[in-house]
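User: Hey, I've just been handed this structure and I'm new to it. Can you walk me through it?

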Amino acid sequence: MHVWGIDLGGTKIEGAVIDPTCPENPIARLRLRTEGAKGYEHVLNQIIRVVTSLEEESGMSRPACLGIGTPGAMEPSTGKLKNSNTQCLNGSPLRDDLIARLGIEVRCANDANCFALAEATLGAARGDDLVVGLILGTGVGGGLVVGGRIIQGLHGIAGEWGHNPMRGEETLCFCGLKGCVETVLAGPSLERFFTKASGRSLPLKEIAALDGDPHATATLQRLQRKFGEALAALINIVDPDAIVVGGGVGNLAVLYENQTRKEILKHTFNSDLKTKILRPTLGDSAGVFGAAMLARQAV
């Protein structure tokens with residue numbers, strides 16, 4: 001059975017029609033610019049353009065259900081989007097509006113949840129029962145999948161690990177809180193730490209490649225320590241089988257070193273650490289594949 005998914009990002013909208021038995025070969029796939037600055041109605045029309053184009057490219061009629069990964073989360077009590085960095089979407093009944101315009105069922109989940117679902121069902125953690133998917137990039141997000149299904153939570157924020165507080169940290173986060181994981185482990189936060197120490201401004205990828213540079217070493221060691229502290233809190237509460245780490249920071253080899261596991265174990269309420277810390281296998285396809293799997297579950 002073919003399933004349809006859309007990954008609604010801040011800069012692009014990606015749509016795909018896939019066969020879950022071989023997702024690496026989509027039947028149809030395309031991208032359009034989001035152009036969120038043009039407003040909510042424009043974004044709605046862009047999504048509808050993607051669906052129409054997928055129909056034309058695949059030669060299929062639109063499905064009974066469409067899955068969409070969104071920036072931000074849907075408030076379960078109102079059905080309206082919140083916490084989105086695409087500002088025009090906040091407070092909007094996105095799902096209801098799409099159902100009305102497309103005439104089909106629509107299932108929505110936060111983009112980190114879609115990443116987690118894709119890696120749990122099709123990717124690196126396939127076969128594991130309790131999976132956490134983390135995105136460490138410009139921001140920090142997370143999703144929780146149990147038995148192949150996303151856990152949304154009462155407020156729709158289950159898995160939002162990036163906004164847990166960290167000990168001794170006081171940096172103001174965009175969310176209005178202080179000392180969030182995001183203010184420490186996001187790529188820009190690590191780059192600022194390096195710049196403050198060294199007086200140089202470099203992308204994180206270049207910082208990680210500075211062999212023997214004391215400021216780069218200190219930045220990566222801080223990443224290991226703080227990642228260990230933050231991940232241990234997650235493990236103590238959820239105790240997952242596997243944690244898949246995506247995003248630009250997730251590409252850094254230092255996160256998968258034995259020293260990082262030692263840093264995690266320092267704060268874990270157990271004498272050893274069996275949890276698998278995995279790199280993702282689906283690349284930038286994870287969001288759209290996870291959205292498609294949302295639709296599959298609904299059907």
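Analyst: Sure, we'll go through the sheet, some helices and an aromatic pair.
Analyst: This is a predicted model, where local features need pLDDT of at least 70, side-chain atom pairs count only at pLDDT 80 or more, and totals for chains, interfaces and linings use all residues. Residues are numbered from 1 along each chain as its sequence is written, and side-chain values use heavy atoms, with hydrogens and water left out.

User: OK, the sheet then. In what order do the strands sit?
Analyst: The order is E3-E2-E1-E4-E7, five strands in an open sheet with mixed pairing. Two strands pair if DSSP finds at least two bridges between them, and the labels are DSSP runs numbered from the N terminus: helices (H or I) of at least four residues, strands (E) of at least two.

User: Which strands stand at the edges?
Analyst: Strand E3 (28-33) and strand E7 (105-110) do. Each has a single partner strand, so one side of each is left without a neighbour in the sheet.

User: And how much are neighbouring strands turned against each other?
Analyst: By 15° on average, direction ignored. The axes are lines fitted to C-alpha atoms, for helices over the stretch in contact, and angles run from 0 to 180 degrees between N-to-C directions.

User: In what sense do E4 and E7 pair?
Analyst: Parallel, over six bridges, with E4 covering residues 65-70. Cysteine 65 stands opposite glutamate 105 in E7.

User: Which helices pack on the sheet?
Analyst: Helix H2 (residues 94-102) does, touching strand E1 (3-8), E4 and E7, and its direction makes about 155° with that of E7. Helix H3 (residues 111-121) packs on the sheet too, touching E4 and E7, at about 95° to the direction of E7. Touching, or contact, means heavy atoms within 4.5 Å.

User: While we're on H3, is asparagine 113 buried or exposed?
Analyst: Asparagine 113, which is in helix H3, counts as buried at 2% relative accessibility. Buried means under 20% relative accessible area, exposed over 50% and partly exposed in between (1.4 Å probe, protein chains only). Not counting residues up to four places away in sequence, asparagine 113 touches Gly142, Gly143, Leu144, Ile150, Gln152 and Ala158.

User: Switching topic: how many residues of H9 are buried?
Analyst: Ten of its 13, so H9 is largely enclosed by the rest of the structure. Among them are Phe289, Met293 and Leu294.

User: What covers them?
Analyst: The cover over the buried residues of H9 includes E1, strand E2 (12-18), E4, E7, H3 and strand E10 (149-150).

User: What span should H9 have?
Analyst: At 1.5 Å a residue, H9 (residues 286-298) should span 18 Å, and its end C-alpha atoms are 19 Å apart, which agrees. The expected span is 1.5 Å times one less than the number of residues.

User: You mentioned aromatics. How many pairs are there?
Analyst: The count comes to one aromatic pair. Tryptophan 161 and phenylalanine 227 sit edge-to-face, 6.5 Å centre to centre with 90° between the planes. The rule is that rings of Phe, Tyr and Trp (its six-membered ring) pair if their centres lie within 6.5 Å; planes under 30 degrees apart count as stacked, over 60 as edge-to-face and the rest as tilted.

User: Where do those two lie?
Analyst: Tryptophan 161 is in the loop between E10 and H4 and phenylalanine 227 is in helix H7, so the pair ties together parts 66 residues apart in sequence. Tryptophan 161 is buried at 2% relative accessibility, and phenylalanine 227 is buried at 0%.
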